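Okay, everyone, let's get going. I'll put the structure up on the screen and then walk through what I found in it.

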Amino acid sequence: MVSRSPGSLEPVGTNGLRRAVLDTAPQRVHRWRMLANRVGMYARDARRDRSVGRVDPELFDAVLDRYATDTVFVHVGLRDVKRAFACNPYEFLIERFDDRFESVLNPGFTPSFRSPDGIYHEQFSTPAFGAFSRLFFEDCEYRTDDPTNSILVRGPYRFDGCVRRDSWSPEGPFGQLDRENVLYLNVGTDWLRSSQIHYVESLLGVPYIETVEYEGVVYHDETEYERVTHRSHEYPYDREMRWNRAKLENGLRAAGVLESYDLSGLTVRAFHARELREWLTPQIEVDPYFVIT
C-alpha cells in the first residue's frame, strides 16, 4: 500500500524523482499540460450545477460568526448572493461584514496601467474585475497606490511602511497579509478566488510568469502625481493558462486549510493567507507548474 502525507497529491518518496523529470521535460510538455488543464477546467465549468436556491440569512450569519477576526479580505460573486437572499446583494453583504469585521479588504486591480504610458488614479481608476469591487470602490476609505494590483480597504487597516513599487514583494502589502495570516472569504464565487496565489507564484519564481517593469503616472489626488516605474507580473502563455482551481480546492480542503459551505448552492469558502502559502509552497517545489496543470 502506498502511503501519502496529509494534503499531498503525490506518494511519499516520489517527489524528488518527479521534480527531476519535470525539470528536464521540454517546454512543449509543460505547454501541453497547461492546455490540457485549461480544457479540463472549461469542461468542469460546463458540467457545474449553477442553480442557487433561497437561503435563510441566519444560516449565512452563522457561517460568518465562526470567524472572529478584525480583518477580512473578500472575493464576492453578487449574482449568486442575489439569488440566495432575493435582496440588494451588495448592501446585504456590506451590512454583515461591517457588523463583524473592523476592516474589509477587496482587490481594486487595474491592469490598464500595463499599457504604454499607463495612468493610475487612486480616487478615480475604477477596478476592472467584478461588480462587488466597483461598488466597494465607492465605499472604501483607503486604497493602496499600486497601479496594477491595488487593495481597497473599508476600515482602519493600513499598509504603512510597505514597499510601494513592487506588487508582489515580501515587503509589500500582500507580504503583510501573509505575515499577519489575514482571513480570506469567498462568497458566491464559482471557484476558489485568492489574490495571494499571485503572491506565492511570484515569491517562488514559477517559470510561467515574468516580473515586468511598467512606466507610467500615478495620481494621488486631483493635482498631486508622480511618474513611476512599477514592478508587477505578466503571464507570457496567457491564452493557454488557467489556474486548476478544482485541484487547489480539493488539496486545500483535504489539508484542512480551506473550509467551505454549500448553502442551497451558494458557496462560502474561508482560509487564511499564510496557511495557503504554507500548503502551496511544497506543491510548487515539486512541480513548478502545479497551479496551472
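So, start with the largest nonpolar core, which has 38 residues. The members that touch the most others in there are Phe174, Leu177, Tyr208, Leu280 and Val291. Keep in mind as we go that this is a predicted model.

Where does that core come from? At least two residues each are supplied by strand E5 (151–154) and by helices H7 (173–179), H8 (196–204), H9 (245–254) and H10 (273–286). H10 gives the largest share, with five residues.

Take leucine 177 as a way in. Setting aside its neighbours within four places in sequence, leucine 177 is in contact with Phe73, Leu105, Ile151, Tyr157, Phe159, Val182, Tyr184, Gln196 and Ala273. And there's a second, separate core of 33 residues, with Val55, Leu93, Val187 and Tyr261 among them.

Now, serine 195. You'll find serine 195 in the loop between strand E6 (183–187) and H8. Buried or exposed? Buried: its relative accessibility is 2%, and the cut-off for buried is under 20%. Again leaving out the neighbours within four places, serine 195 is in contact with Phe73, His75, Pro107, Phe109, Trp168, Phe174 and Tyr184. Phe73 and Tyr184 are also in the contact list of leucine 177, and Phe174 is one of those well-connected core residues I started with.

Next up is H9. This helix is mostly covered, with seven of its 10 residues buried. Those are Arg245, Ala246, Lys247, Leu248, Glu249, Gly251 and Leu252, so you can see charged residues in that list as well as nonpolar ones. What do the buried residues of H9 pack against? They pack against helix H2 (27–47), H8, E10 and H10. Just after H9, glycine 256 takes a positive phi of about 80 degrees.

Let me zoom in on glutamate 249, which sits in H9. Glutamate 249 has a relative accessible area of 6%, so it's buried. Beyond its neighbours within four places in sequence, glutamate 249 is in contact with Trp191, Leu192, Leu258 and Arg269. For a sense of distance, glutamate 249 and proline 107 are 142 residues apart in sequence, and their C-alpha atoms are 20 Å apart in space.

One more residue: threonine 267, in strand E10 (residues 266–272). Threonine 267 comes out at 17% relative accessibility, so it counts as buried, given that the cut-off is under 20%. Its contacts, with the same neighbours left aside, are Asn186, Val187, Gly188, Thr189 and Tyr261. Val187 and Tyr261 also turn up in that second core.

Okay, zooming out to the whole thing. The protein has 10 helices and 10 strands. Its radius of gyration is 20 Å, close to the 19 Å that the globule rule gives for 293 residues, so it's as compact as a globular protein of that length. The C-alpha trace spans about 60 × 50 × 35 Å along its principal axes. Of the 293 residues, 52% count as buried. And of the contacts between residues at least 6 apart in sequence, 68% join residues at least 24 apart.

Last thing, the surface and the charges. The accessible surface is about 14000 Å², and 48% of it belongs to carbon and sulfur atoms. There are 37 positive and 46 negative side chains, with the centres of the two sets 9 Å apart.

Note on methods
Residues numbered from 1 in each chain as written. Predicted model: local features only at pLDDT ≥ 70, side-chain atom pairs only at ≥ 80, totals over all residues. Heavy atoms only, no water. Helix = DSSP H or I, 4+ residues; strand = E, 2+ residues; numbered from the N terminus. Rg over C-alpha atoms; globule rule 2.2 N^0.38 Å. Buried < 20%, exposed > 50% of the residue type's maximum accessible area, 1.4 Å probe, protein only. Contact = heavy atoms within 4.5 Å. Areas by Shrake-Rupley, 256 points an atom, 1.4 Å probe, with all protein chains shown as cover. Charge placed at Lys NZ, Arg CZ, Asp CG, Glu CD. Core = buried A, V, L, I, M, F, W, Y, C linked by side-chain atoms within 4.5 Å.
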